[in-house]
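Work through these exercises with the structure open beside you. Try each task before reading its solution.

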4 protein chains.
Amino acid sequence: MKKPSSPKKNIYKYFIRIKTRWNDNDSYGHVNNAIYHEYMDTVVNNYLIEHQITNSDENSPIGFVVSNSCTYFQPVKYPDTLNIGLRIIKIGTSSVTYDVGIFKNNETEASARGSFVHVYVDKKMRKPICISDKMKHKLNNISTL
Amino acid sequence: MKKPSSPKKNIYKYFIRIKTRWNDNDSYGHVNNAIYHEYMDTVVNNYLIEHQITNSDENSPIGFVVSNSCTYFQPVKYPDTLNIGLRIIKIGTSSVTYDVGIFKNNETEASARGSFVHVYVDKKMRKPICISDKMKHKLNNISTL
Amino acid sequence: MKKPSSPKKNIYKYFIRIKTRWNDNDSYGHVNNAIYHEYMDTVVNNYLIEHQITNSDENSPIGFVVSNSCTYFQPVKYPDTLNIGLRIIKIGTSSVTYDVGIFKNNETEASARGSFVHVYVDKKMRKPICISDKMKHKLNNISTL
Amino acid sequence: MKKPSSPKKNIYKYFIRIKTRWNDNDSYGHVNNAIYHEYMDTVVNNYLIEHQITNSDENSPIGFVVSNSCTYFQPVKYPDTLNIGLRIIKIGTSSVTYDVGIFKNNETEASARGSFVHVYVDKKMRKPICISDKMKHKLNNISTL
């Protein structure tokens, strides 16, 4: 296994800022590995909501996580402010693969990098849907395909 | 039990902004009650760190929570931005009682109000210390005594 | 403020066991105060589900937390096994007040004690309902009224 | 990307039971993806503590997560009881790769499967250590190498 290298900030297309919380730190005084996955969920859902891809409409699809991963380069801790960068590296029939970079304070090299695959399902039956052209269009804004 | 009334924003002396996270919502689609206590922890510790009351110095005291409470007036949810207001309503020999107001987006009436009592202990032995005059001085900035 | 005393295990009527998780510990190496509120939520909901008070039926009520509090007597940490004791100390028109004791491993004196008030609402409109006689009957099993 | 298949319970060497908590569920009514990583942390640390690999001794190593991943086959939810299975698939100079299976209630096919890489560091300087023969011996119990 070759350790992936830390990505630069400028490859990402969409950002949110997250302030760490006191409770994000674990016994070792840095943010617990599981918490990074909360940050990833949040950046993806922020994008989906801002662009009206998922909304309160009964027919809007919802994203279920089918796999995720994270590589940790440098610890982050409370109190840090994080810039969470997002881009899309694959759009399938019903799934989207997101690449997430986690940047500490003003740093331009990621402290962690995650991958996150959503399959989109219909809200009621929770069966995979085909990603519509309209949705694809909105996703393309942050795609690097 | 008389339900406490929702406090106004202008009684608080110190604020931080917290963006809710996707995972803060529980099955009912709003922020879970336990999460509000994470917000309270965070506002208090932010104040303590910014004012160098707790720091990495071996002799700086640390705060242990001895009791807390929260009253919920209106749900908040992801995605909301919260203003968390803080003030001090009691300074004892080794303990401080904080009053916390949780304000949704631009609202001036609290969605929730918490109380939070820290007892300060020394880092090594974890025994209560007497709050020093220097520390008291720093706490007085946000005190309403 | 008089600190409440640590309750004995034998006053509680219903118990669940919870194993702490690695991530429950915060920087100070013990379970973070907010996490205790997760334990409280869990014991109450376990009771409600086991006794079919809340279920997947569209007409079953759901409980919204309107206030909670916790007093911490002794730290608990990962890895500990906790016995969480529950009893009801008040049943109102649409609300129930729970008393929760948190007991470490085999201890009979609580490490923490919480209070937790649920108001029951209907699933759809989320307006308070009147607690039915049937529901009251099920709650009386763990009531000390 | 070929989706990995769901592993059987009998390939794992060490198990703990975890009861889901009310708050593990997210808005979609099932356990949030980030929480599975808390379960993984917990099973690994339980093994390390039970076998005295990490302990309160100043010279015992601690494990930092350098990467993790999870594939989700079937949702789990509150209230479910999970069996978390653990085995080791690689022991390096200072790192260990764990394979974790998450099994719902009495099921023998995993609902999720995770991978988790720890690098062991010394407690004080937080620099990678060489895994000792004694530690390797203890890890071999659950290794499939």
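D:Ser69 is the residue of chain D that comes closest to the rotation axis, with its C-alpha at 1.9 Å. The model is a predicted one. The exercises start from that axis.

**Exercise 1. Find how chain D is related to chain A.**

Step 1. Superpose the chains. Chain D can be laid on chain A with an RMSD of 0.0 Å.

Step 2. Read the operation. The turn is 180°, and the shift along the axis is 0.0 Å.

Step 3. Conclude. The two copies are therefore related as by a two-fold rotation axis.

Step 4. Compare with chain C. Chain C also goes onto chain A by a turn of 180° and a shift of 0.0 Å along the axis, with an RMSD of 0.0 Å.

**Exercise 2. Describe the side of chain D that touches chain A.**

Step 1. Count residues. Here 15 residues of chain D are in contact with 15 residues of chain A.

Step 2. Locate the elements. Helix 1 (33–50) and strand 2 (62–72) of chain D each give two or more residues to this side. Strand 2 of chain D supplies the largest share, nine residues.

Step 3. Sort by class. This side of chain D has seven nonpolar, six polar and two charged residues.

Step 4. Compare the surfaces. Of the interface residues of chain D, 100% are also interface residues in chain A, so the copies meet through the same surface.

Step 5. Look at the strands. Strand 2 (residues 61–72) of chain A pairs with strand 2 of chain D in the antiparallel sense, over five bridges. Within this region, A:Ser67 stands opposite D:Thr71.

**Exercise 3. Describe the contact between chain C and chain A.**

Step 1. Count residues. Seven come from chain C and seven from chain A.

Step 2. Sort the chain C side. It divides into one nonpolar, five polar and one charged residue.

Step 3. Compare the surfaces. Again, 100% of the interface residues of chain C are also interface residues in chain A, so these copies meet through the same surface.

**Exercise 4. Trace the open sheet of ten strands.**

Step 1. Follow the order. It reads 1(B)-3(B)-4(B)-5(B)-2(B)-2(C)-5(C)-4(C)-3(C)-1(C), with antiparallel pairing.

Step 2. Find the edges. Strand 1 (14–19) of chain B and strand 1 (14–19) of chain C are the edge strands, since each pairs on one side only.

Step 3. Add the twist. From one strand to the next, the twist averages 25°.

Step 4. Zoom in on one pair. Strand 3 (residues 81–91) and strand 4 (residues 95–104) of chain C pair in the antiparallel sense over nine bridges. Here C:Leu86 has C:Val100 in strand 4 as its bridge partner.

**Exercise 5. Place helix 1 of chain B against the sheet strands and against helix 1 of chain C.**

Step 1. Start with the strands. Helix 1 of chain B lies across strands 1, 2, 3, 4 and 5 of chain B, together with strand 2 of chain C. The helix runs at about 135° to strand 2 of chain B.

Step 2. Turn to the other helix. The axes of helix 1 of chain B and helix 1 of chain C come within 8 Å and cross at roughly 175°. That makes the two helices roughly antiparallel.

Step 3. Name the contacts. B:Asn33, B:Ala34, B:His37, B:Glu38 and B:Asp41 meet C:Asn33, C:Ala34, C:His37, C:Glu38 and C:Asp41.

Step 4. Sort them. This helix contact has two nonpolar, four polar and four charged residues.

Methods. Residues numbered from 1 in each chain as written. Chains lettered and ligands numbered in written order. Predicted model: local features only at pLDDT ≥ 70, side-chain atom pairs only at ≥ 80, totals over all residues. Contact = placed C-beta atoms within 7 Å. Nonpolar A, V, L, I, M, F, W, Y, C, P; charged D, E, K, R; others polar. Least-squares fit on C-alpha atoms with pLDDT ≥ 70 in both. Axes fitted to C-alpha atoms, helices over the stretch in contact; angles between N-to-C directions. Helix = DSSP H or I, 4+ residues; strand = E, 2+ residues; numbered from the N terminus. Parallel < 35°, antiparallel > 145°, perpendicular 65-115°, else oblique. Pairing = 2+ DSSP bridges.
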